[in-house]
Protein chains: 2
Amino acid sequence: MPSSTSRNYIEATRGYGAEICFANSIQQAFETAHRLRDQGLALVHPFDDPLVAAGQGTVALEILHDLPSLSRIYISIGGGGLIAGMAAALKALKPDVHIVGVETVGADAMYRSRQSDQLIELKEITSIARTLGAPRVSEFTLSHVKKLVDELIVVSDHDTVEAMVYLLERTKTLVEPAGACCLAAARKQASSIGTNESTTILLCGGNSSVEDLSSWSKQFSASKC
Amino acid sequence: MPSSTSRNYIEATRGYGAEICFANSIQQAFETAHRLRDQGLALVHPFDDPLVAAGQGTVALEILHDLPSLSRIYISIGGGGLIAGMAAALKALKPDVHIVGVETVGADAMYRSRQSDQLIELKEITSIARTLGAPRVSEFTLSHVKKLVDELIVVSDHDTVEAMVYLLERTKTLVEPAGACCLAAARKQASSIGTNESTTILLCGGNSSVEDLSSWSKQFSASKC
């Protein structure tokens, strides 16, 4: 883990029994992970692995099971493994589902890569959505997004925090920016979503601490509803 | 509503279409409510009404439906309507369930009333658990508690906030102090709860704002887990 990792991640990971090696950056963390793999440990890549993506794709099976009428879905993109797996499952089973991939400004490696049709490396992740902060997506995930995802949208941290506060106060659910950005995206498109659409917003994580919440909410002085 | 009511309560109440009359205190709010009743509106008392308590008692039916093995339950007490209704249902259907009533220090009108066997009026509510802050319980709720509740426990605001942060960060659920105090009480008794017990903690509300959360978490610098 990069040593800048939030307290609550570190505590939760230790709570599940893991031993943590800290690194100065995400790049160094990957170097350490590769060294440990070479020593015989298993490396579970966060996104650039077809088996990881296939596993994440089962989320789509559960959604279709609960909501067979699904017609539109918002899925956020870090390195792109989750959306690659889900889009493969969705388009195989229900090709007419409209899939929207969501990133935040400053963590939009997929959007830029798709626009320029090549892997773009972000020099710096400036968004608060740290878990979307893969500096670069992969050939594997980019090709799935190009083939299977209908639309990409990039939302601001401000709109994301506003969605996060709404989810917390009105649905009592803590969702991290990497998940709340999907609600922000759906709100942005609300006027163009047909009333006959059956829309799902994937809220794919809740690893935010009370300190994160307080400081973001102040920083963006989110108007609350 | 007292004019000191939190922003999020006011916004949510207005969001559901209500017109709000503000009062300087909870006493004045009750006076206004009584005046409006005399003008022909219906008064739904928050706790001192057998029908309200009976309605709240259906929570116990739902719990027993989902968890027939229930043997121990923690329920918080404001004015005592919720626990009166739930205890009536539980003891009628499963007399051996151990019922623990929970209040916070500074909002413990029921504990004091039961101790002294008469209705005690709190001069001031000093706990952050505002929705437990009935300055006084009623003959109706006190008599139910005396007959049906096995044990009363009073926990600190500090332990309550610690439980609240735990619930938020580890279960991703926003619970207000009036609910989180039940987890604090169960934790306090954890060593004496048998491993064969089937314990339920009622988390009976989530009306806390992000500002509340930030300020309580700082105030009590809760150790987080």
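Colleague: What covers the buried residues of helix 1 of chain A?

Modeller: Keep in mind that this is a predicted model. With a helix, start by asking which residues face inward. In helix 1 of chain A, residues 7-15, the buried ones are Asn8(A), Ile10(A) and Ala12(A). Their cover includes helix 9 (210-219) of chain A, together with helix 7 (157-171) of chain B. After helix 1 of chain A comes Gly17(A), which has a positive phi, near 100°.

Colleague: How many helices and strands does chain A have, and in what pattern do they follow along the sequence?

Modeller: Count 9 helices and 4 strands in chain A. Going along the sequence, you meet them as α-α-α-β-α-β-α-α-β-α-α-β-α. The radius of gyration of chain A is 18 Å, close to the 17 Å that the globule rule gives for 225 residues, so chain A is as compact as a globular protein of that length. If you prefer box dimensions, the C-alpha trace of chain A spans about 55 × 40 × 35 Å along its principal axes.

Colleague: And what share of chain A is buried?

Modeller: Buried residues account for 50% of the 225 in chain A. You can also look at contacts: take those in chain A between residues at least 6 apart in sequence, and 70% of them join residues at least 24 apart. As for the outside, chain A exposes about 10,700 Å², with carbon and sulfur atoms supplying 53% of that.

Colleague: How many positive and negative side chains are there in chain A?

Modeller: Chain A has 20 positive and 25 negative ones, and the centres of the two sets lie 3 Å apart.

Colleague: What rotation superposes chain A on chain B?

Modeller: The general idea first: two copies of a chain are related by a rotation about an axis and a shift along it. Here, a rotation of 179° with 0.0 Å of shift along its axis puts chain A on chain B, at an RMSD of 0.0 Å. That is the relation of a two-fold axis. The same surface serves both copies, as 100% of the contact residues of chain A recur in chain B.

Colleague: Now a charged residue. Is Arg72(A) buried or exposed?

Modeller: Buried means under 20% relative accessible area. Arg72(A) has 7% relative accessibility, so it counts as buried. You'll find Arg72(A) in strand 1 of chain A, residues 72-76. Leaving out residues up to four places away in sequence, Arg72(A) touches several others, among them Val97(A), His98(A), Glu151(A) and Glu197(A).

Colleague: Where does Glu176(B) lie?

Modeller: Look in the loop between helix 7 and helix 8 (177-188) of chain B. Glu176(B) is buried, with a relative accessible area of 7%. Again leaving out residues up to four places away in sequence, Glu176(B) has contacts including Tyr9(B), Thr131(B), Met164(B) and Ser208(B).

Colleague: What is the phi of Asp117(A)?

Modeller: As a rule, most residues other than glycine have a negative phi. Asp117(A) is not a glycine, yet its phi is positive, about 60°. Asp117(A) sits in the loop between helix 5 (109-116) and helix 6 (139-148) of chain A, and is partly exposed, with a relative accessible area of 47%. Try Lys172(A) too: again not a glycine, with a positive phi of about 65°. Lys172(A) belongs to the loop between helix 7 (157-171) and helix 8 (177-188) of chain A.

Notes
Residues are numbered from 1 along each chain as its sequence is written. Chains are lettered from A and ligands numbered from 1 in the order in which they are written. This is a predicted model: local features need pLDDT of at least 70, side-chain atom pairs count only at pLDDT 80 or more; totals for chains, interfaces and linings use all residues. Side-chain values use heavy atoms; hydrogens and water are left out. Helices (H or I, at least four residues) and strands (E, at least two) are DSSP runs, numbered from the N terminus. The radius of gyration is taken over C-alpha atoms; the globule rule is 2.2 Å times the number of residues to the power 0.38. Buried means under 20% relative accessible area, exposed over 50%, partly exposed in between (1.4 Å probe, protein chains only). Contact means heavy atoms within 4.5 Å. Accessible areas come from the Shrake-Rupley method with a 1.4 Å probe; for residues, only the protein chains shown count as cover. Lys and Arg count as positive and Asp and Glu as negative; His and the chain ends are not counted. The place of a charge is taken as NZ of Lys, CZ of Arg, CG of Asp or CD of Glu. Copies are superposed by least squares on the C-alpha atoms of residues with pLDDT of at least 70 in both.
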